[in-house]
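Open the model in your viewer and keep the selection tool at hand. The tour below goes stop by stop, saying what to select and what is there.

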Amino acid sequence: MIKAVRGTRDLLPPETALWNFVEAAVRDVFRAYNFQEIRTPIFESTELFARGVGEDTDIVSKEMYTWEDRGRAESDRGHSLTLRPENTAGVVRAYIEHKLWDRGLSKLYYIGPQFRRERPQKGRYRQFYQIGAEVIGPSTAGSESPARDAELLELLATLLDRLGIKDWNLELNSVGCANDRAAYNQALRKALAPVVPQMCADCQRRAVTNPLRVFDCKVPADQPIIEKLPTISQYLDEPCRKHFGEVQQILQAVGVAFTLNERLVRGLDYYTRTAFEFTQGALGAQNAILGGGRYDGLSESLGGPAAPGIGFAIGEDRLVLALSESAEAVKHRPDVYIAPLGEGMNREAGRLARELRRHDAIVELGDESFRLKKSLETASKLGSRFALIVGENEVKSGSFALKNLETGEQVSLPREELGRTISQSK
Ligand code: HAM
């Protein structure tokens with residue numbers, strides 16, 4: 001038997017109803033905050049992620065699905081392509097490619113699959129879905145303002161509350177900018193020098209190439225060492241300190257609670273200044289329901305103009321997991337099951353179904369070969385609210401038996417009244 005590839009999965013009904021419910025709610029919230037959708041390809045040049053996300057990150061160094069794409073002709077040059085492990089680099093590439101700076105501040109959102117070769121477990125998959133947003137533009141359009149950071153965080157708090165996600169915690173930090181990073185890296189290297197021989201091979205490499213990435217280490221034995229390393233907060237320059245202070249003040253003013261976490265550096269290289277994660281206890285080990293932050297230098301590192309930006313990505317799989325207790329609320333059920341009784345009745349049932357669907361009813365259609373008992377049982381199994389019986393007598397008289405499957409009550413109604421009766425009882 002051929003099975004789905006490890007770390008990938010099928011989303012089946014009724015769970016897909018929950019995904020649709022989440023996506024509809026998210027689109028509503030984005031609309032209210034004046035965001036518009038962007039769709040970028042699911043594969044891009046490998047170089048985009050190497051330069052955007054960073055060579056030393058776990059994502060780029062271990063987790064990408066990369067292949068050499070030969071051209072169709074011998075003369076075509078091969079390209080190294082990668083299934084996107086995240087969507088920020090792709091959005092910023094599109095921003096540069098289509099000169100979106102002409103439009104002022106771009107407020108973009110996306111919903112789609114991402115791919116990382118991680119060890120699969122509950123809440124962690126190799127194909128997973130993100131709901132993300134990016135706010136990017138020239139700084140003259142306000143893209144650098146702490147008001148953008150606070151507004152995005154407030155949007156997220158509103159969204160999680162609206163979806164009924166309880167007990168979320170916003171963890172907040174500032175990871176500084178290019179200006180203070182050099183001094184911090186120096187301090188980190190100095191602190192690491194005497195202890196690094198005791199650390200894992202990855203950390204030994206990171207200590208040389210990109211010491212900030214030491215904080216991504218998950219090896220238990222390294223944690224006591226990592227806990228003693230200096231934190232970036234002591235090295236922030238004055239503008240970064242001020243920016244971070246402003247973000248916190250606006251959050252307090254609008255009533256969004258947060259916890260400062262000096263160790264939060266995020267696993268991607270592009271972050272500057274504000275970095276954040278929302279966690280939710282019920283999710284267990286994979287408790288980060290979303291993450292994000294500022295990336296004021298990303299556009300330039302991809303060859304674009306200065307374009308400060310900030311964004312986030314929600315792990316949709318984890319969001320749905322956190323919601324699945326309330327899944328009952330969005331369960332899909334038909335309004336009416338039409339039971340054609342006897343030869344020739346499929347035609348009549350088809351006509352009625354068409355009429356009722358025009359009244360916005362959710363209609364499930366049986367088959368004229370089914371006995372009434374079987375039809376009624378199927379209707380109940382589907383959770384249908386009504387069953388409509390369409391036999392020769394009904395068609396002749398123009399009056400149809402409508403059975404309320406919740407109360408057991410049955411009435412006889414002229415066809416003109418069926419649509420109204422069914423939709424009114426919703
Ligand atoms: P990230 O922290 O790598 O950030 O991913 C964001 C979220 O995606 C995580 O918090 C988690 O919920 C979900 N996620 C990540 N990996 C997996 C996985 N293997 N299985 C299930 N869910 C997963 C980013 O991707 C950045 N692009 C976010 C961003 C946007 N920063 C600025 N703009």
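## Stop 1: a pair within one helix

Select Glu 238 in this predicted model. Glu 238 is exposed, with 54% relative accessible area. Now add Arg 241, which is partly exposed at 39%. The two residues sit three positions apart in helix H9 (residues 238-254), about one turn of the helix. Their side chains form a salt bridge, with a distance of 3.9 Å from N to O. The cut-off for a salt bridge is 4 Å, so this pair counts as one. As background, side chains of opposite charge can pair when their charged atoms come close.

## Stop 2: the whole protein

Clear the selection and show the full chain. The protein has 15 helices and 16 strands. Its radius of gyration is 28 Å, well over the 22 Å that the globule rule gives for 426 residues, so the protein is more spread out than a compact globule. Along the principal axes, the C-alpha atoms fill a box of roughly 90 × 60 × 50 Å.

Colour the residues by accessibility if your viewer allows it. Of the 426 residues, 50% count as buried. The protein exposes about 21,300 Å², and carbon and sulfur atoms supply 50% of that area. Among contacts with a separation of 6 or more, 69% are between residues 24 or more positions apart.

Next, colour by charge. There are 57 positive and 59 negative side chains. The centres of these two sets lie 3 Å apart.

## Stop 3: more salt bridges

How many salt bridges are there in total? The count comes to 25.

Select Arg 213 and Asp 269. Their side chains meet in a salt bridge of 2.7 Å, N to O. This pair links distant parts of the chain, 56 residues apart. Arg 213 is in the loop between helix H7 (201-209) and helix H8 (223-227), while Asp 269 is in the loop between strand E8 (259-260) and strand E9 (272-280). Is each partner buried or exposed? Arg 213 counts as buried, at 1% relative accessibility, and Asp 269 is partly exposed, at 26%.

Move to Arg 266 and Glu 277, which form a salt bridge of 2.9 Å, N to O. Arg 266 lies in the loop between E8 and E9 and Glu 277 lies in strand E9, so the pair ties together parts that are eleven residues apart in sequence. Arg 266 is buried, with a relative accessible area of 14%. Glu 277 is buried too, at 17%.

Then select Asp 58, Lys 62, Asp 202, Arg 205 and Arg 206 together. Salt bridges that share partners join these residues into one network.

## Stop 4: a charged residue without a salt bridge

Select Glu 394, in helix H14 (residues 392-397). Glu 394 is buried but has no salt bridge. Which side chain of opposite charge is nearest to Glu 394? That is Lys 396, 9.7 Å away. Leaving aside neighbours within four places in sequence, Glu 394 is in contact with Ile 389, Ser 399, Phe 400 and Ala 401.

## Stop 5: two residues and their contacts

Select Ala 353 in helix H12 (residues 345-358). Ala 353 is buried, with a relative accessible area of 1%. Not counting residues up to four places away in sequence, Ala 353 touches Ile 338, Val 363 and Leu 365. To see a long distance in the viewer, draw a line between the C-alpha atoms of Ala 353 and Pro 230, which are separated by 69 Å.

Go on to Leu 83 in strand E4 (residues 79-83). Beyond its neighbours within four places in sequence, Leu 83 is in contact with Ile 42, Phe 43, Tyr 65, Trp 67 and Phe 115.

## Stop 6: the backbone

Most residues other than glycine have a negative phi, and most peptide bonds are trans. The next selections depart from that pattern.

- Select Pro 13 and Pro 14: the peptide bond from Pro 13 to Pro 14 is cis, with omega near 5°. Pro 14 is in the segment before helix H1 (15-32).
- Select Asp 167, where phi is positive, near 60°. Asp 167 lies in the loop between helix H5 (146-163) and strand E7 (168-174) and is exposed, at 68% relative accessibility.
- Select Asp 360, where phi is positive, near 70°. Asp 360 lies in the loop between H12 and strand E13 (363-365) and is exposed, with a relative accessible area of 62%.

How values were computed. Residues numbered from 1 in each chain as written. Predicted model: local features only at pLDDT ≥ 70, side-chain atom pairs only at ≥ 80, totals over all residues. Heavy atoms only, no water. Helix = DSSP H or I, 4+ residues; strand = E, 2+ residues; numbered from the N terminus. Rg over C-alpha atoms; globule rule 2.2 N^0.38 Å. Buried < 20%, exposed > 50% of the residue type's maximum accessible area, 1.4 Å probe, protein only. Contact = heavy atoms within 4.5 Å. Areas by Shrake-Rupley, 256 points an atom, 1.4 Å probe, with all protein chains shown as cover. Lys, Arg positive; Asp, Glu negative; His and termini not counted. Charge placed at Lys NZ, Arg CZ, Asp CG, Glu CD.
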